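Hello,

Here is the structure I promised to pass on to you. Have a look at it first, and then read my notes below.

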Amino acid sequence: MISSPHRRTYAAALPGRQVIGAATAAALTFAGSSDAFALDINAEPGLITETVATRDRLKYYDNIKIYGAEAVGERPRVYAMPDGVRLGNFLVFPWIEETGVYDSNIFGSAQNPVADWRSELKAAVSAQSQFPRHQLLFNIDGAQVNYLDNPSQDHTDGGAHVRGSFDVDHANAVSASVHTELKHEERSSSTAARDAAEPVPVWRNAVSAGWTHDAGKLYGTLSATAESRDFFSVKSLSGATLDQNFRDQMMYSSTLRGGYRFSPGFEAIGKLRALRAANEGDAVTDRDSYGYEALTGLSFETNPLLSWKVIGGYGLRDYDRTDLSNFATYLVEGQVRWLPTQKLSLYGTARRTIDDTLGADDGGRVNTSIDLRAEYEIYHDLVAVGTAGVTKGEYIGLSRTDTTFAAGAELQYFYTKNMLFTLGYDYDNRDSTQDNYDLSRHQVRLGGRLRF
């Protein structure tokens, strides 16, 4: 949320509590699909990459644009946002949500799908500092998932995230991020073991630190990240223990992202990344490797209603094991945003990336995807969101390719400052060269969120 210049800039014109309420609620409302449409070039995940000079520049430049070029998802909707609770120098925003979901294929089966209803009880508490300078943010969240007819698939997720930024001076800031979460890889996932009888717990921990310089035309962030992924063993369909520890990974990466502003709305951007991935697999499954990525491109506006971001480059993975073939591929990140009317915002995203996370049967994936998103404001308190996309996943170490089509629609009703209702539908179709990974699934969701 902090790395989004439009939301941050508009908030600068609002008074205290409304600033954070608008920003926090907007993030929670539209976060469901943000990951799919946020480019990796935008910022180091988890880090706050703004300086005092950045915010001062955006107050002048983006406030000029915002009156004629404001996306539906960027509107603060102060009238429908919670006020939060002030605790000293922090504003705290708790919420709790209950969602009922009908899933036509809970196991992701290629044949004889099993349908079931499930409830998702979620809660979170977010806090943001109100210091004159510097920033500190906390977030704690949890979720309890219960199935009506298949209690063996019940699971509990949770996580915590702390982010901070220290303004060294007008042009420089030091930031850090600490994240921990326990999530579950459900059986319908393309990376899950086909013979798992229950969701696989995955414990992820990450710590990042970075330095940002941004003043004038040249800007950049130098960061380092250490991340661990621990996969827990679960029961197999036969009742025996299914070992998943071979998928455990440690990843160390350093990234340099930067740009040069030719003029307002026109920038040259680039990214350099070095990666060391290590896992605790045996002689057969060990996937220790070094990785390198380099991308460069442009971010520009055709006009205030039409903006583009396009970068391309190359990535490679060099494995320690001599019997594994190293590979290299082109990489792409591209995004277009079009605001044809005040009530309609359209987005398109294309990318080709390397995913180093180990699957149960593969050593990672090269994903090529195209995603579309539309946001339409039916009324001031009723917003419709539609998405569609196709992803081609090429599995490293396997002769397997998955082509997945996904589409969805959602209505968001801002009933009061404290109540938000959602109604949604999602469709997924996965066509794999290995027939047992094929998938067709429909999901219908109805939820309500109580916010304070």
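**A hairpin and its surroundings**

Strands β13 and β14 make a hairpin, with two residues between them. Please keep in mind that this is a predicted model. The two strands of the hairpin, β13 (residues 289-303) and β14, are antiparallel and share 14 bridges. One place to find this pairing is Ser289, which sits opposite Tyr319 of β14.

On from there, β14 also pairs with β15, again in the antiparallel sense, over twelve bridges. Here you can look for Gly315, whose bridge partner in β15 is Thr329.

Which residues make up the largest nonpolar core? There are eleven of them, including Tyr219, Ile269, Tyr319, Phe327, Val366 and Ile396. Two elements, β14 (306-319) and β15 (327-341), each give two or more residues to this core. A second, separate core has eight residues, among them Ala196, Val202, Leu242 and Ala360.

Val366 is a good residue to click on. Leaving aside residues up to four places away in sequence, Val366 touches Phe327 and Ile396, and also Thr329, Arg352, Thr353, Ile354, Lys392, Gly393 and Glu394.

Now for the chain as a whole. The protein chain has four helices and 21 strands. Of its 452 residues, 49% are buried. Taking contacts between residues at least 6 apart in sequence, 60% join residues at least 24 apart. The accessible surface is about 20600 Å², and carbon and sulfur atoms account for 61% of that.

Enjoy exploring!

Best wishes

Definitions and conventions:
Residues are numbered from 1 along each chain as its sequence is written. This is a predicted model: local features need pLDDT of at least 70, side-chain atom pairs count only at pLDDT 80 or more; totals for chains, interfaces and linings use all residues. Side-chain values use heavy atoms; hydrogens and water are left out. Buried means under 20% relative accessible area, exposed over 50%, partly exposed in between (1.4 Å probe, protein chains only). Contact means heavy atoms within 4.5 Å. Accessible areas come from the Shrake-Rupley method with a 1.4 Å probe; for residues, only the protein chains shown count as cover. A nonpolar core is a set of buried Ala, Val, Leu, Ile, Met, Phe, Trp, Tyr and Cys residues joined through side-chain atoms within 4.5 Å. Two strands pair if DSSP finds at least two bridges between them.
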